[in-house]
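Visitor: I am new to this structure and would like a close look at one part of it, starting from a single residue and working outward. Please go slowly and explain the terms on the way.

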Amino acid sequence: MKPFKNGDLINSTTIIKTFTFVFISITFFYLGKYFSNGSQQLLFFNSSSSSSPPSQTLTVSLSPNHNNSFNLSSVINDTDQSQIASDQTLTLAPVPPSPPPEPAVERLGVVDENGAMSEDFEVGEIDPDVVENWGSENETLLVEGGGAAPKVRVKKFGLCPVSMREYIPCLDNVDAIRALKSTEKGEKFERHCPAEGKGLNCLVPPPKGYKAPVPWPRSRDEVWFSNVPHASLAEYKGGQNWMVVDKDKFKFPGGGTQFIHGANEYLDQISKMIPEIAFGSRTRVVLDVGCGVASFGAYLLSRNVLTMSVAPKDVHENQIQFALERGVPAMVTAFATKRLLYPSQAFDLIHCSRCRVNWTRDDGILLLEVNRMLRAGGYFAWAAQPVYKHELLLEEQWEEMVNLTTRLCWNLVKKEGYIAIWQKPFNNSCYLSREEGTQPPLCDPDDDPDRVWYVDLKACISQLPNDGYGANVSTWPARLQNPPDRLQSIQIDAYISRKELFKAESKYWNEIIESYVRALHWKKFKLRNVLDMRAGFGGFAAALIENKLDCWVMNVVPLSGPNTLPVIYDRGLLGVMHDWCEPFDTYPRTYDLLHAADLFSIEQKRCNISTIMLEMDRILRPGGHVYIRDTLAVMDELQELGKAMGWHVTLRDTSEGPHASYRILVCDKRLLRS
């Protein structure tokens, strides 16, 4: 073997140094790459203490506790550090997470970031789930009158007791009902309003666990149990498919006492019996008497038919509340001793399915009220046991019904199964050809069949107009915009023709609703139950239909103005007469939107504005909206009252600009709890 030369040794040392440098470089490269990946594992660098080679060898290993968690605070606070491990531990700080992306800016105004007007924005909503500790005491403030006697102003209205959560002032007046001399004709189910000074002076609270209602059309088939927490009706009527309890909801299969297999099948049967009824064309407006939970009316909606579902607050006391929670038009009312608050010739069809009304009592006075409200040529459908059961008592009731309807000149068009359908005459010829002394008689010529506010029932036949008004309405949907004949009979002071007034009102409201839909994004509101507090000819409701907002409107005609109800019904809409100085006959939390145009500037001369505002709060759902168009003179007081009731209040200019004498007060009701 040849010995190493000096040059070879030098060359060998150089190679070793180069190799070692490369190895260390590669090692640190991979270590740096490893740490840059953000690993949370602990690494240990150990110095080997082996005695054999004097040089130290570096090794890298994972901590045996890399999967365990430790209480760092106890380690930091431990002052006893006498024992320190011989191994040196290097703890790597975790790499902080990258910041979350900034949320998208949701613009809730009409002015963009450059100060320019824009229509591209979202409408902010008051979250009905926000709950405040509102309290139950009213807070008042003494306001100096500038020389006059100081006035007490309510700064904050408190919540009513929980027992009043379903309070209807004129139907729950216990003292007045106890004082009645008789209740055998249903007097206790009629209006008995609190005396002056004893009205509502607090905010009716929601039930525990109240939620924003299920939106339409799902609400037709299900509602939250917590919103109407009454299971007795489901237990009592569950076998007839009225409703069932399913976990935290009520479900509505669509059945009824007389149509347990479903309302759709029942409606098909009626259509086959008399095709001329033509739901959604000739028949547009219906009255359902003793409606239950209003499945009859609920399923007619899909056939372009509006149904006023009515029932008293009796043993089935929450049936109307369920109907309204479902999003179906309904009112609490009773056939007793007073006229119902609807005009003559209002309904194309009146329906009674086991409605618990004795139509033949007192010389047929209740059926005569049906006759007053039934349109000339309209139909009365009766589904009841006397129609189909062959028992002595029931057969006698059937004979009494046939005898009475014959004297009313009604024609029994069809009797099939358990349904009998009569048709009212188109004119007075049959009435005038009856034998002298036939009962019931015709009403006096000076009796106004459209006068309904606290008017006693009369055992007489309301005569039809000799000019045929009311009988010659157009089919739906043309009747919505066609000026009806009965427009000429409305007692109003007009310098231009009534038809021009009718068309002008329709155009006015259509333009306003178009602007609301475009600028305020009304189609994003969950509107279903709407009330127009001063409806006029029904132009506001017609505009909602024209703009394809999927809701129904209760058109209220105030007692303080002209009676335009006949025109509203001739247009194919629903409405009712009312005096806003008194409470309205509906349950709390009924409506999603209350609309009042030129109402307060008129009614302030007759009653206290706070009375009306408290009633509005009672019937408005939490999360619901109020739009008030009125003069500047009433806006300050309305704003104060709105804030005192916990509403979110905003005053807006009309389209006429800031110098106009009118303003729009927009309010949103919040969910309040004590």
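**Starting from one arginine**

Guide: R191 counts as buried because its relative accessibility is 13%, where buried means under 20% relative accessible area, exposed means over 50%, and partly exposed covers the range in between, with a 1.4 Å probe and protein chains only. Before going further, please note that this is a predicted model, in which local features need a pLDDT of at least 70 and side-chain atom pairs count only at pLDDT 80 or more, while totals for chains, interfaces and linings use all residues. Residues are numbered from 1 along each chain as its sequence is written, and side-chain values use heavy atoms, with hydrogens and water left out.

R191 forms a salt bridge with E582, and their closest N and O atoms are 2.7 Å apart; the term stands for a side-chain nitrogen of Lys or Arg within 4 Å of a carboxyl oxygen of Asp or Glu. This pair links distant parts of the chain, since R191 sits in the loop between α3 (174-178) and β7 (222-224) and E582 in the loop between β19 (574-578) and β20, 391 residues away. The helices (H or I, at least four residues) and strands (E, at least two) named here are DSSP runs, numbered from the N terminus.

From E582 the chain leads on to strand β20, residues 591-597, where 7 of the 7 residues are buried. On one hand, strand β17 (residues 529-532) pairs with β20 in the parallel sense over 3 bridges, pairing being called when DSSP finds at least two bridges between two strands. Within that pairing, L531 stands opposite L594 in β20. On the other hand, β20 also pairs in the parallel sense with strand β21, residues 620-631, over 6 bridges, and there A597 stands opposite R629.

β17 and β20 also matter for the view of helix α13, residues 539-546, which is largely enclosed by the rest of the structure because 6 of its 8 residues are buried. The buried ones are G539, F540, A541, A542, A543 and L544. What covers them includes α12 (498-519), β17, β18 (552-558) and β20. After α13 comes K548, whose phi is positive, near 60°.

The loop that lies between α11 (429-432) and α12 brings us to another salt bridge, in which R486 meets D570 with the closest N and O atoms 2.9 Å apart. Because R486 lies in that loop and D570 in helix α14 (residues 565-570), the pair ties together parts that are 84 residues apart in sequence. Both R486 and D570 are buried.

Returning to β7, we find the side chains of E222 and K251 in a salt bridge, at 3.9 Å from N to O. E222 belongs to β7 and K251 to strand β9 (residues 249-251), so this pair joins parts that are 29 residues apart in sequence. The two partners differ in cover: E222 is buried at 13% relative accessibility, whereas K251 is partly exposed at 24%.

To set these details in the whole, a search of the entire structure finds 30 salt bridges, and the secondary structure comes to 17 helices and 24 strands. Of the 674 residues of the protein, 48% count as buried. Contact means heavy atoms within 4.5 Å, and among contacts with a separation of 6 or more, 67% involve residues 24 or more positions apart.

The largest nonpolar core, meaning a set of buried Ala, Val, Leu, Ile, Met, Phe, Trp, Tyr and Cys residues joined through side-chain atoms within 4.5 Å, has 146 residues, and those with the most contacts inside it are Y342, W359, F380, W522 and F600. A second, separate core of 10 residues includes V228, M243, F250 and F322. Taking W359 from the larger of these cores, and leaving aside residues up to four places away in sequence, we find that W359 touches, among others, V289, F335, F380, W382 and M401.
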